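Trainee: I have a model open and some labels to check. Can we go through the reasoning behind them?

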Amino acid sequence: MGAPVDVRDRPLPTGDVTFLLADIEGSTELFRRVGDETYRVVLNDYRALLRGALAAHGGAEVSTQGDGLLAAFPNRAAAARAALDAQRALGAHPWPAHAQVSARMG
């Protein structure tokens, strides 16, 4: 298997584009509960899991701000599949103690 695709460098789709926006549900409270060091680990893992799902379905990362991530897809079916895969990956990930992550996506 080759190196993972970096969705931050992928060209943006053109024409009719579908956007996917994701963020961590309750991120401020999560940050307060786990502290800066653990939250940094959580955020890095969260982004890596999302980027894996985006790459698997042809998504291109448009921007990130805080825990928010905006991606573009060439069609809505690919965006929906990426969101589903990302949610599954987040649910299966071994998060640090007291840091279970849920994400809003739309």
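**Helix 1 under scrutiny**

Mentor: Start with burial. This is a predicted model. In helix 1 the buried residues are Ser-27, Leu-30, Val-34, Tyr-39, Val-42, Leu-43, Tyr-46, Arg-47, Leu-50, Arg-51, Ala-53 and Leu-54.

Trainee: Why is Arg-47 called buried?

Mentor: Buried means under 20% relative accessible area. Arg-47 is on the buried list, so its value falls under that cut-off.

Trainee: What covers the buried residues of helix 1?

Mentor: The cover includes strand 1 (18–24), strand 2 (60–65), strand 3 (68–73), helix 2 and strand 4 (103–105).

Trainee: How do you know that helix 1 is not straight?

Mentor: Compare spans. Helix 1 has 30 residues, and a straight helix would reach 44 Å at 1.5 Å a residue. Its end C-alpha atoms are only 26 Å apart. The bend is about 120°, at Gly-35.

Trainee: How is the packing of helix 1 and helix 2 described?

Mentor: Two packed helices are described by the angle between their axes and the distance between the axes. Here the axes of helix 1 (27–56) and helix 2 (76–92) come within 8 Å and cross at roughly 145°. The crossing is right-handed.

Trainee: Which residues meet there?

Mentor: Tyr-46, Leu-49, Leu-50, Ala-53 and Leu-54 of helix 1 meet Ala-82, Asp-85, Ala-86, Ala-89 and Leu-90 of helix 2. By class, that contact has nine nonpolar, no polar and one charged residues.

Trainee: What makes Asp-85 the charged one?

Mentor: Asp counts as charged, so Asp-85 fills that place in the contact.

Note on methods: Residues are numbered from 1 along each chain as its sequence is written. This is a predicted model: local features need pLDDT of at least 70, side-chain atom pairs count only at pLDDT 80 or more; totals for chains, interfaces and linings use all residues. Side-chain values use heavy atoms; hydrogens and water are left out. Axes are lines fitted to C-alpha atoms, for helices over the stretch in contact, and angles run from 0 to 180 degrees between N-to-C directions. Helices (H or I, at least four residues) and strands (E, at least two) are DSSP runs, numbered from the N terminus. A crossing is left-handed if the near helix is turned anticlockwise from the far one by less than a right angle, and right-handed if clockwise. Contact means heavy atoms within 4.5 Å. The expected span of a helix is 1.5 Å times one less than its number of residues. The bend at a residue is the angle between axes fitted to the seven residues ending there and the seven starting there. Buried means under 20% relative accessible area, exposed over 50%, partly exposed in between (1.4 Å probe, protein chains only).
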